[in-house]
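Okay, thanks for coming, everyone. Let me put the structure up and then we'll walk through it together.

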Amino acid sequence: MFKKHLVIFLFCLMYPFSLKADFKGLPKLPDFGKVNSYYDAVRILFDDHLQEIEEIKTSGGQVEKVFSVISLNKRWFVKITREDCESCENTHFDTEWKLKKEYKNYSWLGLKNAELVFPEKGETFILENKKHLVARYAWVPGETLSDIYSKYFNEKKP
């Protein structure tokens with residue numbers, strides 16, 4: 001009997017501290033409401049000023065869809081995430097928005113020829129009864145951390 005109560009007590013103790021991905025920490029962002037497709041969400045994000053949109057294939061992780069977009073002669077990277085994504089139990093979607101506020105603390109990155117890219121604009125929407133976040137970023141040429149990591153570990157060591 002004691003073990004049963006102990007298990008219930010431990011469960012109740014741990015449950016309030018379990019992490020779940022959600023959009024609660026995001027800054028105040030506009031909400032589109034229901035949209036018919038990811039394309040519609042991107043179109044609305046750019047105020048119907050799309051010149052070109054191309055989906056970039058991704059695999060796994062928190063990203064639902066990724067696009068390259070040209071709007072008003074400028075290229076953008078667009079990321080769509082779903083609030084209830086399968087691999088987001090410990091994801092804090094607000095992290096990059098918080099980092100953006102503190103960017104001055106990362107000025108040393110320029111000395112390393114590196115750059116942080118932050119969301120320029122974001123909005124939420126509902127598609128297929130699931131809440132999503134769409135955010136756009138300036139298009140920055142260069143290598144991703146994943147590319148650098150792969151290159152480093154795939155080099156032949158003498």
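I'll go through the sheet, then the helix that sits on it, then a loop and a surface patch.

One thing before we start: this is a predicted model, so please keep that in mind throughout.

Let's begin with the sheet. It's an open one, built from six strands, and if you read across, the order goes β1-β5-β6-β4-β3-β2. The pairing is mixed. As a general reminder, strands in a sheet pair through backbone hydrogen bonds, and that can be parallel or antiparallel.

So which strands stand at the edges? Those are β1, residues 31-34, and β2, residues 50-56. Each has a single partner strand, so one side of each is left without a neighbour in the sheet. On average, neighbouring strands here are turned by 25° against each other, ignoring direction.

Let's stay with β2 for a second. It pairs with β3, residues 63-71, in the antiparallel sense, and there are six bridges between β2 and β3. If you want a spot to click on, find Ile-56: opposite it stands Val-66 in β3.

Now, what packs on this sheet? That's helix α2, residues 38-45. It touches β1, β2 and β3, plus β4 (74-82), β5 (119-127) and β6 (130-138). The direction of α2 makes about 140° with that of β5.

Which residues of α2 are buried? Tyr-38, Asp-40, Ala-41, Val-42 and Leu-45. Those buried residues pack against β1, β2, β3, β4, β5 and β6. Do notice that an aspartate, Asp-40, is on that buried list.

Moving along the chain, we come to the loop between α2 and β2. Most residues other than glycine have a negative phi. With that in mind, look at Asp-47, just after α2: its phi is positive, about 50°. Asp-48 has a positive phi too, about 65°, although it is not a glycine. Asp-47 lies in the loop between α2 and β2, and Asp-48 is in that loop as well.

Last stop, the surface. Tyr-149, Tyr-152 and Phe-153 form a nonpolar patch there, and together they have about 390 Å² of accessible area. Take Tyr-152, which is found in helix α4, residues 145-154. Is Tyr-152 buried or exposed? Somewhere in between: its relative accessibility is 46%, so it counts as partly exposed, given that exposed means over 50% and buried means under 20%.

Okay, that's my tour. Over to you for questions.

Terms used. Residues numbered from 1 in each chain as written. Predicted model: local features only at pLDDT ≥ 70, side-chain atom pairs only at ≥ 80, totals over all residues. Heavy atoms only, no water. Pairing = 2+ DSSP bridges. Helix = DSSP H or I, 4+ residues; strand = E, 2+ residues; numbered from the N terminus. Axes fitted to C-alpha atoms, helices over the stretch in contact; angles between N-to-C directions. Contact = heavy atoms within 4.5 Å. Patch = residues over 30% accessible without salt bridge, like charges linked within 9 Å, V, L, I, M, F, W, Y side chains within 5 Å. Areas by Shrake-Rupley, 256 points an atom, 1.4 Å probe, with all protein chains shown as cover. Salt bridge = Lys/Arg side-chain N within 4 Å of Asp/Glu carboxyl O. Buried < 20%, exposed > 50% of the residue type's maximum accessible area, 1.4 Å probe, protein only.
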